[in-house]
Amino acid sequence: MTDALAAELAADPGAAASAPRWYRSSFWPYLAAKLLGAAISFLVMLVIGFTIFNVMPSDPVATLTRQHPTSPSQMAALRKQLGVDLPVWHRFVNFVGHTLTGNLGDSWQYHQSVGSLITERLWPTVLLIGSATVISVVLGLWLGIRSGWRHGSFFDRASSGVSLVLWSVPTFWLGLILLVIFTTGVGPIPTNLFPAGLMSTPGYSGPWIAHVGDTIHHLILPCLTLVLVIFAQYVTIMRSSIIDELGAPYLLTARAKGLRDDDVRRKHAVPNALLPSVTVIFLQLGTVLAGTITVETVYSWPGLGFLTFQALQIPDLPLLEGTFVVLSGAVIVMNLLADMLYRVLDPRVRAQ
Amino acid sequence: MTFASVTAPDDSTLIVKTKTPQANMPYVSVAPNTTPIVPQHIWESKVKDLKNFRNTDFPVVGYGPWKLVGYKPDQYTTLEVNKDYFEGRAKADRLILEYFKDDDATIAALRSGQISAAWNLPATGYKTLQGLKDLMPYQQIATRWTGVEINPGAKSRTGKPLGTGNPILADPKLRLAMAYAIDRETLVKKVLNGLGTPGVGYVPPAYKQWAWTPASADAITFDLAKANSILDAAGYPKQGAYRVDPKTHKQLAFRLGTHSDDANDQQIAPYLVGWFKSIGIKLTLQPQSMSGLNDNLAKGDWDLLMDGWSTPADPTYLLSIQTCATLPKDDGSGGNTDAFFCDPQYDKLFAEQTQAFDVKQRAAIISQMQDILYKANCDIMFYNNNILWAVRTDKVANFRTGEPDADGSYPIQNLFISWKNATPVGGNSSSNAGLWIGIGIGIVVIVAAGGFFALRRRSTAAERE
């Protein structure tokens with residue numbers, strides 16, 4: 001139980017008995033309401049996505065056939081085959097129908113199902129984003145808590161300064177600098193310490209554990225680049241949340257009870273200060289799926305961001321719509337999870 | 001291609017009969033951009049339904065010294081030696097093509113030895129490789145041109161005007177003056193770092209058989225004074241910094257469409273704006289996505305557009321996109337034209353060259369066609385950029401480059417001819433999986449990194465609030 005709830009309960013003794021019942025009884029309606037909200041968001045997102053991609057002034061067939069000898073009649077046949085000449089409402093019905101049945105169609109440029117194209121790249125993306133987010137969250141929260149608790153100290157100024165400088169650095173620039181330093185070698189750093197790209201060594205043979213090691217070897221530089229750029233937001237949010245809590249009366253109470261400074265921070269201040277960070281972590285998890293295109297490009301990482309970029313160039317509408325559904329769906333799912341987690345972390349949400 | 005019949009009377013003969021004479025038939029099976037001839041005994045056991053066969057199972061059905069045996073999406077392709085290749089077995093057991101999405105990463109992979117060779121290198125990165133130990137950077141003659149197209153009055157096949165192009169650009173004198181206001185030498189020096197040649201003919205210089213240069217009297221060089229005098233004589237008076245159309249009294253102001261994801265376009269555009277300003281013509285930049293640009297092009301909604309084409313050895317397609325037959329229908333659909341150029345004389349020559357079986361005779365006709373295009377100034381050439389290669393000599397031996405010409409440029413090579421006799425040297429050969437060579441391919445992509453970064457930053461700023 002957190003201090004916020006304790007304070008509420010202290011103010012209203014009658015609430016103490018009703019809170020657990022509230023929690024039990026309201027969970028399913030709460031979940032249902034959130035699920036319904038998520039479903040509505042998803043449908044609205046489908047309409048918006050379809051509208052954006054279909055009002056885009058472009059002729060995919062002209063782009064697909066550029067540099068290939070194609071007669072006007074062949075182009076007309078291609079338009080018919082791809083369904084570009086269908087009326088807009090027809091295409092919309094197809095799109096919604098396909099999405100809801102999980103069939104995202106075939107990519108125009110890859111001649112492969114959109115589902116398989118996305119699946120092939122989902123795991124590398126999740127690996128990169130997942131590892132970078134976990135490291136950033138742990139590092140950022142730890143630094144944020146320490147900095148906020150002793151704000152104005154040398155440690156605070158150093159950690160805030162360094163993280164904000166890195167936050168301001170363009171991701172592709174930092175990625176390139178790290179890549180050049182650690183692959184071609186500078187000064188005492190040997191050549192070829194890390195690979196200059198890809199996710200695995202071609203032609204590599206060995207036991208599975210060696211493959212895991214090889215993947216980690218390839219993962220280090222892109223992951224480090226992402227961590228260096230994104231950890232600052234956790235530092236700043238956690239730091240300011242902790243500072244907000246510093247003056248709270250419950251901390252004074254905790255100190256008055258004779259708790260050690262570390263315990264006051266860990267058991268009382270941090271749980272309350274964690275809430276804004278949770279929102280950011282989950283929102284970030286949803287959005288970075290698409291936002292890593294610069295890192296994917298610098299390190300030739302086979303991810304979803306680059307696939308989306310390639311789809312956009314034609315535009316390869318089935319692929320574009322497929323990646324849009326997956327990426328936007330990820331944001332909606334992450335928001336839903338954050339809402340659920342909020343109930344666990346914050347009793348005030350349960351009491352509403 | 002209009003095939004009437006295809007027969008194979010014996011194991012080494014293929015007879016293709018076409019409905020009409022086709023002088024470009026000898027090029028049909030010249031790799032890599034054309035159709036390989038695959039004998040029936042190779043494919044029949046794997047192909048049940050020829051019409052719907054997608055050729056996506058490994059090893060794929062194909063032709064050449066290596067077989068395509070594996071592909072990791074967006075990472076690499078594995079090629080394994082075809083022991084039975086009819087021209088002899090290749091020396092390397094495996095070739096691995098690694099895909100790099102970033103030019104600088106490709107250069108770093110070359111320098112660190114992760115890959116043994118790479119091509120399509122950027123000019124700046126290429127320069128950093130010169131003089132390094134164990135690296136041989138070299139240039140292949142351009143198969144591509146970059147230039148600007150000018151809308152001479154977009155029309156449908158029946159002559160119906162299309163789009164929003166400025167009608168004054170139909171004046172050939174205005175387009176000629178523009179051609180005189182382009183300093184091609186400077187573009188080669190500044191944009192290509194000197195790694196290319198100033199553009200002249202419509203067919204790129206890699207193919208000597210189609211080489212053409214204008215008669216000295218017709219040659220257009222950079223000459224702002226001459227451009228100004230052409231415009232003066234044509235009756236475009238200056239009012240302030242810019243000239244005006246004497247009939248409408250409107251400023252000579254045009255849109256210049258550029259590819260927003262092409263770094264070279266962004267470098268060229270300011271030069272063009274400056275040169276044109278000095279002859280009294282105002283250009284407004286309109287950076288667009290490739291698909292947006294193509295869409296505007298088809299509809300005729302443009303004045304000037306950056307343009308670029310590459311071609312295999314047979315230039316039929318490149319020549320065809322300048323014929324009247326590629327103009328769109330009245331509703332704007334069904335077209336495939338490059339710049340809405342249409343000239344009956346050109347069309348007549350195009351038809352003639354498709355039936356000229358003697359290469360010299362065909363070259364003479366293609367020369368006349370290039371002459372017509374040169375004088376029309378609907379496609380003004382900037383430069384031909386050389387293809388930049390680098391090979392690690394400590395990793396690969398016997399790589400075939402051909403002999404350089406007087407300028408030090410090497411001939412264009414079909415990929416597998418370069419690699420067929422290549423042998424891995426040193427580290428690669430110790431691999432237990434056999435001899436293999438890693439090659440890097442730079443995927444030509446320039447990510448608008450700044451844009452993405454700014455977007456991400458904005459969204460997070462909003463979240464913070």
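This is a short conversation about reading confidence, domains and salt bridges in a predicted model.

Visitor: What ground rules apply before I start?

Guide: Residues count from 1 along each chain as its sequence is written, while chains are lettered from A and ligands numbered from 1 in the order in which they are written. Since the model is predicted, local features need pLDDT of at least 70, side-chain atom pairs count only at pLDDT 80 or more, and totals for chains, interfaces and linings use all residues; side-chain values use heavy atoms, leaving out hydrogens and water.

Visitor: What is the mean pLDDT of chain B?

Guide: First the idea: pLDDT is the predictor's confidence in each residue, from 0 to 100. For chain B the mean is 85, with 90% of its residues at 70 or more. The model as a whole scores ipTM 0.79 and pTM 0.82.

Visitor: Which elements of chain B have the lowest and the highest mean pLDDT?

Guide: Elements here are DSSP runs numbered from the N terminus: helices (H or I, at least four residues) and strands (E, at least two). In chain B, helix α13 (residues 449-464) has the lowest mean, 28, and helix α4 (residues 172-180) the highest, 97. Over residues 442-465 of chain B the pLDDT is below 50. Residues 428-434 of chain B also stay under 50.

Visitor: How is chain B divided into domains?

Guide: Domain bounds come from an automatic or database domain assignment. That assignment gives domain 1 as 55-141 + 387-463 and domain 2 as 145-385 in chain B. Taken over C-alpha atoms, the centres of these two domains of chain B lie 33 Å apart.

Visitor: What does the contact between them look like?

Guide: Contact means heavy atoms within 4.5 Å. Domain 1 of chain B brings eleven residues and domain 2 of chain B brings twelve residues. Buried area is the accessible area (1.4 Å probe) that two parts lose on being put together, summed over both. Between domain 1 and domain 2 of chain B about 850 Å² is buried, with 65% from carbon and sulfur atoms.

Visitor: How many salt bridges are there between domain 1 and domain 2 of chain B?

Guide: A salt bridge is a side-chain nitrogen of Lys or Arg within 4 Å of a carboxyl oxygen of Asp or Glu. Between domain 1 and domain 2 of chain B the count is zero. The whole structure has 20 over all chains.

Visitor: Where can I find an example?

Guide: Try B:Asp232 and B:Arg243, whose side chains form a salt bridge at 2.7 Å, N to O. B:Asp232 sits in helix α6 (residues 224-233) of chain B and B:Arg243 in strand β11 (residues 242-243) of chain B, eleven residues apart.
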